[in-house]
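Welcome! Take a moment to look over the sequence and the model, and then we will walk through a few local details together.

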Amino acid sequence: MDFSPSPRAAELTGLVREFITAHVEPVAAAYQQEVAHQADPERWVESPVLGELRERARAQGLWNLFLPAGHGDAWAAEFGTHGGTGLGNADYAPLAELMGRHSHLAPYVFNCHAPDTGNMEVLVRYGTPEQQDTWLRPLLDGRIRSGFAMTEPEVASSDATNMDASAIVDGDEVVIEGRKWWTSGVGHPDCRVLVFMGRSVPADDTTTDRHRRHTMVLVPLDAPGVKVERLLTTMGVHDEPVGHAEVSFDQVRVPRENVLLGEGRAFEIAQGRLGPGRVHHCMRLIGQAEVALELAVRRGLARRAFGKPIIDLGGNRERVAEARMAIDQARLLVQHAAWKLDTAGSAHALGEVSAIKVVVPRVAQDVIDMAMQLHGGGGLSDDFPLAGMWTTARALRLADGPDEVHRGVVARLELGKHRDAAGGTR
């Protein structure tokens with residue numbers, strides 16, 4: 001396998017790096033402080049700085065770079081993506097890493113932010129022409145944003161078949177009922193639509209295959225019966241101005257045409273959505289780990305204690321070395337998963353994708369924690385990006401499935417190899 005970037009990916013990586021250096025890094029600290037001081041989540045607004053940067057990035061064709069090769073080519077051409085086609089996972093991975101270095105800013109500048117990227121991929125792959133005209137075009141144009149409503153507060157959502165909020169067809173409509181939380185994207189003032197995943201068979205149905213009982217539906221945020229109950233904090237932080245919300249759905253009715261792909265096909269959609277999305281998440285986290293390591297080294301060289309540079313105290317050199325090796329190993333693991341997705345497809349990359357979902361957040365959390373320790377009290381404050389980065393890494397050990405679920409997938413696949421070799425014995 002060859003992990004070297006294609007010529008187009010190498011060109012885009014250079015352009016994105018130049019843009020971030022010239023336009024994002026000079027305003028990143030001030031932007032983060034501005035966002036962090038929007039104390040009232042009911043009145044969050046998007047910074048004018050972000051709008052200016054987005055216009056500049058789009059003018060340079062650094063826009064919607066996440067669009068997948070093949071399915072996304074026509075959209076990339078229509079919306080001015082540099083090169084006019086989509087990218088494979090392996091080619092997009094280094095771009096995601098660069099954006100991750102300023103994860104609260106850069107992905108939005110390039111219109112490559114979650115959960116919109118995943119929702120747009122769903123619409124690209126599975127949306128009808130009418131759904132694409134109504135929702136995909138304005139999302140790709142950057143005029144609106146979206147949310148993803150899957151996790152529920154009353155059930156163990158680590159087993160997605162537990163989801164009990166319902167999406168029941170009633171004639172020409174779908175009736176949405178239930179409560180979701182950690183619905184990402186809802187806090188943004190431009191959020192207009194949710195991708196809702198709900199049970200589409202009666203609650204007492206025991207005959208339908210459990211992976212065919214749920215449906216994904218497009219639900220406008222302003223539909224009657226949709227209520228944002230509260231915006232949730234992640235370890236005390238609201239994640240302004242995107243936010244994660246608890247949302248109730250009280251007899252919400254939407255046209256049957258809002259169903260994605262077909263009734264009972266939510267898990268099929270989720271499998272196609274989550275693989276690339278986890279590569280994006282993991283590569284952005286690697287970008288953050290790189291920033292943390294850079295900050296740690298600079299701090300260790302610049303500060304002195306007990307007559308020595310801090311880097312020469314308490315095994316800090318060894319910690320730096322371990323961090324360097326761990327980041328590089330994690331990056332290779334993600335590159336392999338991206339290559340497997342590109343060459344074999346999501347169904348044949350389950351183990352690789354689950355592996356990166358466990359390894360990368362853990363590596364990033366450890367490296368960021370080490371950097372925080374070297375920064376002393378400053379590492380706990382908003383004077384440095386480390387506390388926010390640590391929170392992101394910790395949260396991603398739960399988002400898109402907890403570590404335990406992904407370890408279970410890797411173990412099941414590994415055990416399966418040996419059971420097959422032993423003729424099915426256990």
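How many aromatic pairs does a search of the whole structure find? The search finds 4 aromatic pairs. Rings of Phe, Tyr and Trp (its six-membered ring) pair if their centres lie within 6.5 Å; planes under 30 degrees apart count as stacked, over 60 as edge-to-face and the rest as tilted. Here are some of them, including one stacked pair and one tilted pair.

| Aromatic pair | Centre to centre | Angle between planes | Kind |
|---|---|---|---|
| Tryptophan 75 and phenylalanine 79 | 6.5 Å | 25 degrees | stacked |
| Tryptophan 181 and tryptophan 182 | 6.1 Å | 55 degrees | tilted |

Before going on, a word on the source: this is a predicted model, in which local features need pLDDT of at least 70, side-chain atom pairs count only at pLDDT 80 or more, and totals for chains, interfaces and linings use all residues. Residues are numbered from 1 along each chain as its sequence is written, and side-chain values use heavy atoms, with hydrogens and water left out.

Are the rings of the stacked pair buried or exposed? Tryptophan 75 and phenylalanine 79 are both buried (buried means under 20% relative accessible area, exposed over 50%, partly exposed in between, with a 1.4 Å probe and protein chains only). In the tilted pair, tryptophan 181 is partly exposed at 25%, and tryptophan 182 is partly exposed at 33%.

Next, let us visit a strand. Helices (H or I, at least four residues) and strands (E, at least two) are DSSP runs, numbered from the N terminus. In strand β1, residues 145-149, 5 of 5 residues are buried. In a regular strand the side chains alternate between the two faces of the sheet. On one side of β1 are Arg145, Gly147 and Ala149, on the other Ser146 and Phe148, and all are buried.

Which strand pairs with β1? The partner is β4 (residues 191-199), in the parallel sense over 5 bridges; two strands pair if DSSP finds at least two bridges between them. Alanine 149 stands opposite phenylalanine 196 of β4. The ring of phenylalanine 196 also has the charged end of lysine 180 over it, 5.0 Å from its centre (NZ of Lys or CZ of Arg must be within 6 Å of the ring centre and within 35 degrees of the ring normal).

Finally, some backbone details. Most residues other than glycine have a negative phi, and most peptide bonds are trans. Methionine 235, however, has a positive phi near 55 degrees; this residue is in the loop between β6 (226-232) and β7 (244-255) and is exposed at 55%. Leucine 261 has a positive phi of about 70 degrees. A cis peptide bond joins alanine 114 and proline 115.
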